Amino acid sequence: MTPQQPGHDLVIRAERAITPDGSAAVEIGIRDGAIATIAPLGAGLAGARVRTLAADEVLLPGLVDSHVHINEPGRTDWEGFASATRAAAAGGVTTVIDMPLNSIPPTVDVPALAAKIAASEGKRFVDVGFWGGAVPGSTPNLAPLHEAGVFGFKCFLLPSGVDEFGPLDADELELDLRELTRFDAQMIVHAEDAGAIDHATPAHGPGYADFLASRPRGAENLAIAVVIERARWTGARVHILHLSSSDALPMIVSARRDGVRITVETCPHYLTLTAEDVPAGATTFKCCPPIREGANADRLWEALTDGTIDAVVSDHSPSTVDLKALDTGDFGQAWGGVASLQLGLPIMWTAAQARGIDLDRVVGWMSAGPARVAGLQRKGAIAVGADADLAVFAPEQTFVVDPAALHHKNPITAYAGRTLQGVVRTTLLRGVEVDFHTPRGALLRRGHA
């Protein structure tokens, strides 16, 4: 807490706010877009405007989603900056970091990054940053992209699903990791082993068990082992994307004990959806790596609570409705990706309550955790000096997911028809309420956020 200071642009009074020190009854003074003062509720902070939250509302730090596929330019019919960032704001997410693939061109050099930035201008309803891409032959582009402000580099260890973003083999991964150590940049990895998947039976038809067998846990485990060893040899920083195989957790724990600089994320769908419950032909559930069994999800929750997993992010990977092959229900043909950017917080909160996990922890996994992974020092916490990115959340209010009511460009999600608990009533970006008409989101660059 800090002493009372006069002259705030906005004061927010909350019976409950989630701070780095836990839940507290506070008054928050905002000045010039940043949190200037935090005082106990009743301190009487002065401000040009004062907002008092209702008794059923909780003040949260704006969530950070460091794994979002926005797809503009090139595949803007799948998703775009305006629709994605509106969806983010509606879900209490105030910062997104865009993935380098599924747009055309992919963000693998400075001109492609410039095209991404240009496409986002006038369309950002929340703050937006960018990951760069590492593809075969792109090693010379890594340092220029780093200097241009990307937050790190993404690679695949198997075909990505789009021809313009090719995979790295283990030796080129090591080459790029050695390059990234020169400027201490981070490599974020889609870790599935191409050989293991080539030896599995290809997915076909409407049976989810057949699709699950086509992306075995062993493929994920093998690839994560490769990432760990190449990171060990090079000293590079690495991050495992969208962990779905709980079998890999002991390797990650062991690597950290040995000093390997590795972090890991998972996603709401791996924690709240289970293979046993996926209906035949329900291709809205297809994603890669796949949704696995309920016992696997239990172990992922345990790894979250003990700190092995650092963050929960959406991996919002939308497509047009026709690409999900809803007419045939063929898991082999459908595009793999779960659209949930707007829904992450209520998905997680609904499931966490059933496990006796409090809201403070859920919010930490979705705000401070991703902010640390991406190196965002002013995001993800209600703290003096942080950007005044906030969400007003009603944790007891319920709703039924209607895909047509979401801001996502395409009305399709694996959560359609589910009753979820928790509603974001207001989102503030640097102290200004997001009105969904006036885009005020900033462009974020590494080292300036």
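In this predicted model, Pro61 sits opposite Leu390, a residue of strand β15. Strand β15 covers residues 390-400 and runs antiparallel to β5, with four bridges joining the two. Now look at β5 itself, residues 58-61, and turn it over: both of its faces are covered. Val58 and Leu60 are buried on one side, while Leu59 and Pro61 are buried on the other.

Leu60 is a good place to step from the strand into the interior. The largest nonpolar core has 99 residues, and Leu60 is among the members that touch the most others, along with Phe153, Met187, Leu243, Trp301, Met348 and Trp365. Which helix gives the most to this core? That's α11, residues 344-354, with six residues.

Stay with Met348 for a moment. Leaving aside residues up to four places away in sequence, Met348 touches Pro268, Leu271, Trp301, Leu304, Val312, Val362, Trp365 and Met366. Two of the names there, Trp301 and Trp365, also appear with Met348 among the core members that touch the most others. There's a second core too, separate from this one: it has 23 residues, including Phe151, Ala196, Ala219 and Leu241.

Last stop, helix α7, which spans residues 217-234 and contains Thr234. Is Thr234 buried or exposed? Thr234 has a relative accessible area of 14%, and because buried means under 20%, it counts as buried. As for what lies against Thr234, its contacts are Glu174, Leu177, Arg178 and Thr181, again not counting residues up to four places away in sequence.

Conventions. Residues numbered from 1 in each chain as written. Predicted model: local features only at pLDDT ≥ 70, side-chain atom pairs only at ≥ 80, totals over all residues. Heavy atoms only, no water. Core = buried A, V, L, I, M, F, W, Y, C linked by side-chain atoms within 4.5 Å. Buried < 20%, exposed > 50% of the residue type's maximum accessible area, 1.4 Å probe, protein only. Contact = heavy atoms within 4.5 Å. Pairing = 2+ DSSP bridges.
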